[in-house]
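User: Could you take a close look at one part of this model for me? I'd like the packing around a single helix, with the cut-offs spelled out.

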Amino acid sequence: MDSRTDADALVIGGGATGAGIARDLARRGVDVTLVDREGLSSGTSGRSHGLLHSGARYAEADGPEARECLEENRILRRIGGACVRETRGLFVQLADDDRAYFEAKRDACEDAGIETEVVSGDAAREAVPTLADDVDRAMWVPDGVVVPSRLVAANAADAREHGARIRTHAPVTDVTVEDEQVTAVALGGDADETVRPNYVVNATGPHAGHIADMAGLTVEMRPTRGVMISVEYDGIEPVLNRCREPDDGDIIVPHDGEVVLGTTSVPVDDPDDYERAEWEVAETVRECAAMLPPVADAPRVRTWWGVRPLYEPEEAARGGRGISRGFHLLDHADEGVANCCSVVGGKLTTYRRMAEATADLVCDRLGVDADCSTADERLPGASDPERLDEYVREFDGQGPTDADLVGT
């Protein structure tokens, strides 16, 4: 027999955005329950390439999005401690790459306030000696690396310290809607309880459409899969980005003794059941090796796929693989369910901003007058990697992205 729990807010989805929402709401004094069907960070957040964007990747396509990335990049460096790694980033132009694209990106970065430094190919190879011989020039930008397992777990720990309940291995099995309100959400798994929320946030990434459907709502998603390959490789400091229109195999993210190669973008019908195609691995390795040739023969450590939570209307407007990926906050009062919203899209770098916008909406609906503090308060354990890793273990939050960086 299940138990019943009341909550001001129920947040469904324990990735970076969901954990960030729970942290933000709890800090504003809202009674929060955060649930995930598996351990925290088991979905998109923990299966990413872990790039902390400076905004440079989006600058020429979407200036406002680039500026938001830059701001959140700076905030995460300030509050995240050992949840992030200071590496810098290097956009590289190969001899056959479009020179006009490089110039456009540099100009757009300048317009967005992103600090850049253009260097010759020889100067770039002084910083990364194994860069390809035909790297013609490069541009330094303030990219970095996120350790997502730590980031998500630290957000959840801070939420709990401010009164939130964290339920892992607690899949949603049923949603009851009465009189235009979600009145009950049944949880299975280890939880075996029913939550009676005053407000519900759907932060389930590529599964947002499924959770919405359980409440008789519609969230149109167009998830795409992308492969990441971690290979043995030591001694690289910066993130490497190919300076060209977005395509397969254009990012290399450094770890300690490894680099992560990414990625592809292939539509999937089911975010839980999709093909893991070997051609994606081969294509990604081949394209990344054009920037950094030794990765072609470097021993593989692990390979994984992640699924992006892309919002169908935005992707349709952009014609498929849109370079800029903002987030969308959907208020389902417009569909006749007054106490529910979904937050979709976005990227790991902007999780905190997504959480703040969502928490603002929830607080407005609940009549809570309190300001966001998440940009100013450091995450618990930020200066203590061992403590962060203990949070990861406690919340069963280890993802493949940073398995080599998080202590077990």
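Analyst: Here's a walk through helix 9 and its two packing partners. This is a predicted model, where local features need pLDDT of at least 70, side-chain atom pairs count only at pLDDT 80 or more, and totals for chains, interfaces and linings use all residues. Residues are numbered from 1 along each chain as its sequence is written, and side-chain values use heavy atoms, with hydrogens and water left out.

Start with helix 2 (residues 63-80), which packs on helix 9 (residues 351-366) at about 100°, the axes 9 Å apart (helices are DSSP runs of H or I, at least four residues, numbered from the N terminus; axes are lines fitted to C-alpha atoms over the stretch in contact, and angles run from 0 to 180 degrees between N-to-C directions). So helix 2 is roughly perpendicular to helix 9 (65 to 115 degrees; under 35 is roughly parallel, over 145 roughly antiparallel, the rest oblique). On the helix 2 side, Glu68, Glu72, Ile75, Leu76 and Ile79 meet Tyr351, Arg352 and Arg353 of helix 9 (contact means heavy atoms within 4.5 Å). That contact splits into 4 nonpolar, no polar and 4 charged residues (Ala, Val, Leu, Ile, Met, Phe, Trp, Tyr, Cys and Pro are nonpolar; Asp, Glu, Lys and Arg charged; the others, Gly among them, polar).

Now helix 1 (residues 16-27): against helix 9 the angle is about 50°, with axes 8 Å apart. The two are therefore oblique to each other. Residues in this contact include Gly20, Ile21 and Leu25 of helix 1 and Met354, Ala355 and Val362 of helix 9. By class, there are 9 nonpolar, 3 polar and 2 charged residues here.
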